[in-house]
Amino acid sequence: MSVSNAAASSADRVAWDLRDLYSGVDDPNIGRDLDSALKRAQAFESAYRGKIDVPGGSPADALLAAVREMEGMSEQMDKPLIYASLVHAAKTDDPKHGALLARTREQRTVINKHLIFFDLEWVKVADEAVRRLLAEPSLARYRHYLEQKRAWRPHYLSEPEEKILEEKAVTGRAAFVRLFDETVASLRFAFEHGGRTESLSLSQINAHLYDADRGARRAAAEGLTSGLRDNARLLTYLMNTLVLDHRSDCDLRHFDSPMGPRHLANEISASVVDALMTAAERYHGTVQRYYRLKGRLLGIDQLADYDRYAILFADMPSCDWPTARDIVRESYEAFSPKAGSIIGEFFAKNWIDAELRDGKRGGAFSSSTVPSVHPYILMNFTDKLRDVMTLAHELGHGLHQYLSRGVGYLQCDTPLTTAEMASVFGEMLTFQRLQQRYSEPRVRLAMLCSKIEDSFATVFRQVVLTRFEQSLHKARREQGELTTEQINALWLAANKPMHGDVVKLTDGYAWWWMYIGHFIHVPFYCYAYAFGELLVLALVQKYKQDGPAFVPRYLELLSAGGSDAPHVLLGKMGVDVNDPGFWELGLRLLGDMVSEAEALQGACGLE
Ligand SMILES: [Zn+2]
């Protein structure tokens with residue numbers, strides 16, 4: 001998505017300086033790095049092919065040398081591509097940027113072909129030899145990286161089988177996924193409101209669900225439903241096909257549950273996910289208590305599904321860039337001077353691109369780039385209070401990425417379950433400071449409600465989506481191809497417990513599973529969001545309990561990046577994700593936030 005709104009914002013001229021990567025798109029070092037990485041990959045292949053999978057395993061020093069070279073080479077090969085992605089995101093309409101992105105991508109594929117053998121050989125080494133190798137102190141730094149690759153061993157097929165599957169996936173699974181993406185992207189929805197009819201995209205019509213005007217929200221819901229209904233035959237067929245494809249994949253690879261592959265990638269056990277989901281479901285009463293409050297605030301007796309995201313007040317104060325910068329920096333600084341000084345570097349050294357610019361990508365992200373450089377952040381700052389939270393969020397990622405550079409390129413990234421840890425934690429720090437600074441009850445209430453709604457969407461809604469997926473995969477296995485009406489019924493059944501009698505789910509809502517891409521792209525992706533959010537809320541509670549003693553342990557956790565499994569790293573913080581009671585910590589905090597909103601309602605005289 002690209003935004004075309006080069007209007008003046010107070011973040012004008014707040015642009016990143018990417019020269020720590022390369023001096024510009026014409027920098028000859030880009031080509032030099034790509035050439036050198038290719039030569040290294042060729043040399044790597046001739047040095048190590050056939051040497052990793054040898055009886056008894058390769059000598060530890062040879063394996064160490066191979067992994068070290070793999071790390072250095074990967075960094076050199078990815079740096080040009082990462083740079084190209086950043087310049088492209090900052091200005092997508094410059095053809096030079098698109099061309100550089102294509103060139104670096106193609107070159108990386110060429111280089112990668114020389115490296116694939118390494119993983120294939122490593123998973124074939126006998127368990128006994130692997131145990132001995134991983135116990136070697138010299139390999140300790142890369143133990144988790146090597147171990148994690150081995151976790152997939154029971155699920156690999158033979159090399160010719162893998163090759164056939166990969167080749168046929170292009171016209172199989174990948175083709176259906178692309179058909180879904182292109183279909184949903186091309187959908188147009190009729191928005192009939194105020195005597196006019198507009199034809200809107202999915203994201204445009206969804207935006208009207210936040211409208212302060214109930215008539216507009218209802219019109220958006222009706223337009224969304226009827227657009228989906230018109231495409232129900234195709235979207236139902238795609239869902240049926242991909243659920244069946246996932247099932248045959250799981251059967252071929254000997255997974256006993258359709259969630260198995262996702263748990264393995266997330267480095268998490270099924271019992272932890274179960275405990276997390278059932279704990280969240282015990283708090284549906286909190287969700288319904290909030291929706292009752294929201295109904296009172298909006299002056300609506302019976303809230304409908306299309307009222308859940310309505311904004312409370314259209315007249316919120318704005319916040320300019322210098323103020324946002326100070327609030328965010330101060331909130332990190334108050335938590336830890338070390339964190340504060342790292343955040344300070346992002347501003348002082350121009351590692352953030354915040355201004356609005358024609359052709360710039362929408363949304364926000366923090367890119368870790370490579371450990372020998374530092375992260376860069378992109379966002380579109382529009383002087384809204386919400387943008388201050390986005391800045392805090394991305395700087396949380398930035399802090400995490402900055403600190404984890406020490407564990408090296410192969411292990412600095414975390415799995416999905418802990419990827420949002422530092423970002424959501426940083427948001428909480430900034431949120432508390434914003435609440436002090438904008439102390440007018442109406443503004444505090446509006447900020448608090450929007451924070452609660454975001455948390456609900458990340459925790460309870462994601463659990464609902466996962467329950468829906470579980471029932472869908474089960475029904476597909478037991479009943480064969482499902483009709484749209486059958487899937488609609490599963491969707492409503494999964495949504496009912498969260499909304500109870502407080503939110504009326506309209507007949508149209510039954511069709512709204514159809515546009516959710518996660519079900520199509522990565523089955524069972526959604527629970528990781530709930531995991532991440534509840535983990536952070538629990539960490540916030542721990543910080544409240546433990547005070548300053550919490551800080552160094554937290555920074556150590558961030559510094560460890562993905563160098564061990566999440567439960568091991570969190571265990572060092574005194575956090576036991578296997579304890580079902582652990583999840584209560586975060587859920588109780590959400591309950592406290594709802595109570596605070598109820599109290600603010602009184603203070604605003606809105607009762
Ligand atoms: Zn994030």
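Reader: Is H393 buried or exposed?

Author: Buried means under 20% relative accessible area, exposed over 50%, and partly exposed in between (1.4 Å probe, protein chains only). H393 counts as buried, because its relative accessibility is 15%. E420 counts as partly exposed, at 29%.

Reader: What should I know about the model?

Author: This is a predicted model: local features need pLDDT of at least 70, side-chain atom pairs count only at pLDDT 80 or more, and totals for chains, interfaces and linings use all residues. Residues are numbered from 1 along each chain as its sequence is written, and side-chain values use heavy atoms, with hydrogens and water left out.

Reader: What is the mean pLDDT of the protein chain?

Author: pLDDT is the predictor's confidence in each residue, from 0 to 100. The chain's mean is 93, and 98% of its residues reach 70 or more. Over residues 1–6, pLDDT stays under 50.

Reader: Which residues are the protein donors of the zinc ion?

Author: Donors are N, O and S atoms within 2.8 Å of the metal (3.2 Å for Na, K and Ca); water is not among the atoms, so sites may look incomplete. Here H393 and H397 each give NE2, and E420 gives OE twice, at 2.1 to 2.7 Å. Their sequence spacing is H-x3-H-x22-E.

Reader: What angles do the four donor atoms subtend?

Author: Ideal angles are 109.5 degrees for four tetrahedral donors. Four donors count as tetrahedral if all angles lie between 85 and 135 degrees; four count as square planar and six as octahedral if opposite donors are over 155 degrees apart and all others between 65 and 115; anything else is irregular. Around this zinc ion the angles run from 51 to 141°, so the arrangement is irregular.

Conventions:
Contact = heavy atoms within 4.5 Å.
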